[in-house]
Amino acid sequence: MLKTIALSYRLGERTVSNIVNEVCAALWNRLQPFYIPVPTVETWKNITLDYERKWQYYNCLGAVDGKHIAIRKPLLSGSSFYNYKQYFSIVLMATVDANYRFTTVNVGSMVGFYNCPNQNRYLGKIQKLRMFGDEAFPLMPNLMRQYPRARVTGNYENKFFNYRLSRARQIVESSFGILTARFRVYKRSFECKLDTIDKVVLAKIVLHNYLRTDILSNASIQDEDDEIAYSFDESNFSSLAPNRSKSSNEAFSIRQNFTECFNSNYGSVDWQRKQYKGDSFE
């Protein structure tokens, strides 16, 4: 990547590396306090209300996901960055709000969560706020995931839960898709130092939020829909490996409470029945 830029502008590769490092660091330092601020209790509450209003998923702090970013093997790293897909990568972990904006992000390790409110006013048995993810994450009391296929065969209540969760969780997949479609640096493997990769990735994340905020403020609904239609099939992003760790009885009980909520009179929505009758989900 840096060598290509250096040849294009007839600059030294070390000069280009220094410019990229300084610019990416400046973008993050200047824009992060405005577009990815440290979440407060009020921030989490607003995210919860947005998920309920736009995606009909209750008491949700956001969707969490992680992606492998392909890199060239770092010097003297052994197999430290070798993943289950059989190439070298670093992991980008992130959470996303209901408007396709990243709320927390971490490059290379598990994301941290801040100042989460403990309770909310909704729906009795599922009052505590939680996140949700895919099969790469374990089922936990504070993190929901889908029922496995064996648990939804012939079980309509579990199918409705999976549908409602998947409908809300596609936000994080679409966010990564928009990110990779807009910034073509993700179309190939990174061939620079790990510190530079971290700065580039963080700069792209904060620029993504800046542009998404501008779209939400000024663009039409059609413009937003066109952007969300982006795909990252051609990118170097890969999903994390499935997590098969055992879950606690408390986690199973909480997921069952959500299932009962989504199938009840106060938690269900009319179109989920129509979606099932069309046999468009399992």
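Are Arg169 and Glu173 buried or exposed? Both of them are buried. I will come back to that pair, since the two side chains also form a salt bridge.

First, some background. What you see above is a predicted model. The mean pLDDT of the protein chain is 82, and 83% of its residues reach 70 or more. One stretch falls well short of that: over residues 110-126 the pLDDT is below 50. The model still gives this stretch 49 contacts beyond near neighbours in sequence. Where pLDDT is low, the predicted coordinates should not be read in detail. I will leave that stretch there.

Now the overall picture. The protein chain has 9 helices and 6 strands. Of its 282 residues, 47% are buried. If you take the contacts between residues at least 6 apart in sequence, 70% of them join residues at least 24 apart.

Next, the nonpolar cores. The largest one has 61 residues. Which of its members touch the most others? They are Tyr51, Tyr57, Leu92, Phe132, Tyr186, Phe190 and Val201. Helix α5, residues 156-182, supplies the largest share of this core, with 8 residues. Another core lies apart from it and has 6 residues, including Ala136, Phe137, Leu143 and Leu240.

Take Tyr57 as an example from the big list. Leaving out residues up to four places away in sequence, Tyr57 touches Tyr51, Glu52, Phe132, Met144, Phe161, Arg164, Leu165, Ala168, Phe258 and Phe262. Two of those partners, Phe258 and Phe262, are buried residues of helix α8.

Helix α8 covers residues 249-262. How far apart are its end C-alpha atoms? They are 20 Å apart, and this agrees with the span expected for 14 residues at 1.5 Å a residue, which is also 20 Å. Besides the two phenylalanines, the buried residues in α8 include Ala251, Ile254, Arg255, Asn257, Thr259 and Cys261.

Beside Tyr57 in the sequence is Gln56, in the loop between α3 (41-55) and β1 (60-70). The phi angle of Gln56 is near 55°, a positive value in a residue other than glycine. Leu76 also has a phi near 55°. This leucine lies in the loop between β1 and β2 (89-96). Are these two residues buried or exposed? Gln56 counts as buried because its relative accessible area is 16%, and the cut-off for buried is under 20%. Leu76 is exposed, at 89%.

Back to helix α5. Asn162 is found there. With a relative accessible area of 6%, Asn162 is buried. What does its side chain reach? The side chain of Asn162 comes to 2.9 Å from the backbone nitrogen of Tyr147. Tyr147 is also one of the residues in contact with Asn162, along with Gln146 and Val152, once neighbours within four places in sequence are set aside.

Now the charged residues. Side chains of opposite charge can pair when their charged atoms come close. How many salt bridges does a search of the whole structure find? The number is 8. I will go through three.

The opening pair comes next. Arg169 and Glu173 meet at 3.2 Å, N to O. Both lie in helix α5, 4 residues apart, or about one turn of the helix.

Lys199 and Asp195 have a similar layout in another helix. They lie in α6, residues 194-218, and are again 4 residues apart, about one turn. Their side chains meet at 3.4 Å, N to O. Here the surroundings are more open: Lys199 is partly exposed at 26%, and Asp195 is partly exposed at 47%.

Salt bridges with shared partners also join Asp65, Lys67, Asp134, Arg169 and Glu173 into one network. Within it, Lys67 and Asp65 meet at 3.7 Å, N to O. Lys67 is buried, with a relative accessible area of 1%, and Asp65 is buried at 1% too.

One last residue, from helix α2 (residues 13-35): Arg14. How exposed is Arg14? Its relative accessible area is 63%, so Arg14 counts as exposed. Arg14 and Leu2 are 12 residues apart in sequence, and their C-alpha atoms are 8.6 Å apart in space.

That is the end of my part.

Note on methods:
Residues are numbered from 1 along each chain as its sequence is written. This is a predicted model: local features need pLDDT of at least 70, side-chain atom pairs count only at pLDDT 80 or more; totals for chains, interfaces and linings use all residues. Side-chain values use heavy atoms; hydrogens and water are left out. A nonpolar core is a set of buried Ala, Val, Leu, Ile, Met, Phe, Trp, Tyr and Cys residues joined through side-chain atoms within 4.5 Å. Buried means under 20% relative accessible area, exposed over 50%, partly exposed in between (1.4 Å probe, protein chains only). Contact means heavy atoms within 4.5 Å. A polar contact is a pair of N or O atoms within 3.5 Å; within protein, one must be able to donate a hydrogen and the other to accept it, and residues adjacent in sequence count only if both atoms are side-chain atoms. A salt bridge is a side-chain nitrogen of Lys or Arg within 4 Å of a carboxyl oxygen of Asp or Glu. The expected span of a helix is 1.5 Å times one less than its number of residues. pLDDT is the predictor's confidence in each residue, from 0 to 100.
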